[in-house]
Amino acid sequence: CCPESGDEMKNTEEKSDVNTAALVGSQQLMPGREDDELPLNVSAFIEKEVGSDLKSLKKLGRLIEQMTENKTKLQEQVLAISSEIPKRIQSALKDAEVSRQVLSQFLQQEAPLFSSITSHLLTAQPWVDKLSAMINQIEEIEQHLTYLKWVSQIEELSDNIQQYLMTNNVPEAASILVTMTEVDIKLQDDFEEILAQLHWPFITHTQSQTVGVSRPAGAPEVYGTLETLFCQLLKLQASKVFSSCMPFCDPAHPDHADSPSEEIQPEWYLTQVLIWIGNHAHFLDEKIQPILDKAGSVVNARLEFSRGLVMLVLEKLASDIPCLLYDDNLFCHLVDEVLLFERELHSVHGYPSTFASCMHILSEETCFQRWLTVERKFALQKMDSMLSSEAAWVSQYKDITDVDEMKVPDYRYKNLPTASRKLQFLELQKDLVDDFRIRLTQVMKEETRASLDFRYCAILNAVNYISTVLADWADNVFFLQLQQAALEVFAENNALSKLQLGQLASMESSVFDDMINLLERLKLDMLTRQVDHVFREVKDAAKLYKKERWLSLPSQSEQAVMSLSSSACPLLLTLRDHLLQLEQQLCFSLFRIFWQILVEKLDTYIYQEIILANHFNEGGAAQLQFDMTRNLFPLFSHYCKRPENYFKHVKEACIVLNLNIGSALLLKDVLQSASEHVPATAALNEVGIYKLAQQDVEILLNLRTNWPNTGK
């Protein structure tokens, strides 16, 4: 091997120094190593620095020196630190003791100082209260002074105007009026600034509800200034005090487009006005109305605010209607939206009928005549569409259990401002109802052959509903008032006889009487057709029962159990099936009329065609009574509590035929001895006979064959 050069030896030594320092540093950083690891680390270090090269042993001496120097330095550092730490701790303890003493002095001074401050506050509190009261009085006086200054200035201007007018100096009076107008404008500007601080107008409902809860800074001063300016403007009678600060339509609103078709959106601005009225109601009631009441004004803040907005709506409608007048769909849509707006305005917000409303716009001659024309057109179209629909006769409420099937609809024209306009609309309404009656009659005639079918019943229900609604309207205050107005018109035009005028004046008749009579006649005719249809089938089913051998039937004592006559089964089944069918297809009031008419015919038929046409032994009379009282009468027990009261002839005939022999003989003798002056009414009533006449009872007694043999 070649010997290393001097530079190489130097580099090697420097590297060794670095490695040695690293080793020592690593040992310092890891003081927690186990003692048995130290020899291993030393061996590894020597192996790395010297290796197997014997010439490298020369470096051992230098390494030992470096490590000895490092050890010495570390020992010196440890000794230095050990001597400094106690000094620092001692200094810190000394500082803490000084701080403790200072704090103790402060605490000793705090108690008397707190007591002194408390005593001073208690002593000064009455002065503070008096001073606060004086400040409030001063502020109130300043407000009054400001108010009086304005009033004085206005009165002075007013006096000057009056003087100039008295001397016919109109130019000077006009000049002073301009000055007064400038005062008005200045007060308006100040008023608008105050309203802006209150975040007026209230775009959302939440804003109005939070007024008085999350108040703006300086709220008492703001409300005080509001009251002062409001009273001043009230004195000036500024007509737009409520609505001048309310923006009506924002041109930048996304609903406002440039095209005319998008500009005219009645549902948007009508709904927006209702929202504004609702949003401001709380503020007007809680903040503005007390000011008006305090000033002795009779004005209702909320209603005046509503009226101001409605006037804006009238301006908007006046500009929109000419554009829509000859477009039937758009005009009809506008009218519908206006009617909905009016209904909510009056019912929800209490808007008085004496105030200007949208109905005044719709009542203008051109607009009103167009409304009548469009109303007639769309009503007739609706009739055609409805009657030609496959679902025309299916109730839209058939799956709803708690619906009021006789719910009376509202009338669209009740808020029209004049009686003459209402009467014109009433005539249109009557014409349309009569037209609908004619159409129903035409459809009914097509269904006459199937008078029990669903379609025929649906037509009958429609006729009954219209008649019921008109009868309800006839007693309504609105139509009674119209009736009085019509009476005056008819009297002026001599359109009615004195008798008819007297009936209208005495409320014996109504404006709907003619239509109600026609509808009731149609209803009765249709019901009669149904009753006749069912009655024919019942009579056909009763043929066998009519021929029953009533003379030869076994007595009740000869039978273990009484049972229904087999010949009566077809009669009762036919009757039951038709009752169930029509109960489902007819409304309750119609079905009640139907079964009562049917029962009356059945009672007469059974009495005349079955009872009076036969003779009865004891068993036959008992069987007849069992069939009637235990089988026929109970069929109607679902519709009334005492169905036997509707079969008076049959019930009393069964009583007579089933009297025991003794009672029958006694009754027969009483009847034979009775005369016109001494009727047998009491005797008949005693056995339960109230309907049948004396002659009828005598005939029934003669139909009995179970008389005892007396030799006569």
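Several helices cover the buried residues of α19 in this predicted model. Among them are α14 (454-474) and α17 (513-541). The cover also includes α18, α20 and α21.

Which residues of α19 are buried? Leucine is there several times: Leu571, Leu572, Leu575, Leu579 and Leu582. Thr574, His578 and Gln585 are buried as well. The helix itself has 17 residues. From its first C-alpha to its last, α19 reaches 24 Å. That is close to the 24 Å expected at 1.5 Å a residue.

Now turn to the aromatic rings. The structure holds 21 aromatic pairs. One of them joins tryptophan 550 and phenylalanine 616. Their ring centres are 5.4 Å apart, with 45° between the planes. The pair counts as tilted because its angle falls between the 30 degrees that bounds stacked pairs and the 60 degrees that bounds edge-to-face ones. Tryptophan 550 lies in the loop between α18 (543-546) and α19 (569-585). Phenylalanine 616 lies in the loop between α20 (588-611) and α21 (618-632). The pair therefore ties together parts that are 66 residues apart in sequence. Are these two residues buried or exposed? Both tryptophan 550 and phenylalanine 616 are buried.

Ring pairs also build a cluster. It links Phe368, Trp371, Tyr413, Phe425, Trp473, Phe478, Phe479 and Phe512.

Other rings carry a charge over the face. The charged end of lysine 130 sits over the ring of tryptophan 127, 5.5 Å from its centre. Arginine 704 lies over the face of tryptophan 707. Here the distance to the ring centre is 5.3 Å.

Conventions:
Residues are numbered from 1 along each chain as its sequence is written. This is a predicted model: local features need pLDDT of at least 70, side-chain atom pairs count only at pLDDT 80 or more; totals for chains, interfaces and linings use all residues. Side-chain values use heavy atoms; hydrogens and water are left out. Rings of Phe, Tyr and Trp (its six-membered ring) pair if their centres lie within 6.5 Å; planes under 30 degrees apart count as stacked, over 60 as edge-to-face and the rest as tilted. Helices (H or I, at least four residues) and strands (E, at least two) are DSSP runs, numbered from the N terminus. Buried means under 20% relative accessible area, exposed over 50%, partly exposed in between (1.4 Å probe, protein chains only). A charge sits over a ring if NZ of Lys or CZ of Arg is within 6 Å of the ring centre and within 35 degrees of the ring normal. The expected span of a helix is 1.5 Å times one less than its number of residues. Contact means heavy atoms within 4.5 Å.
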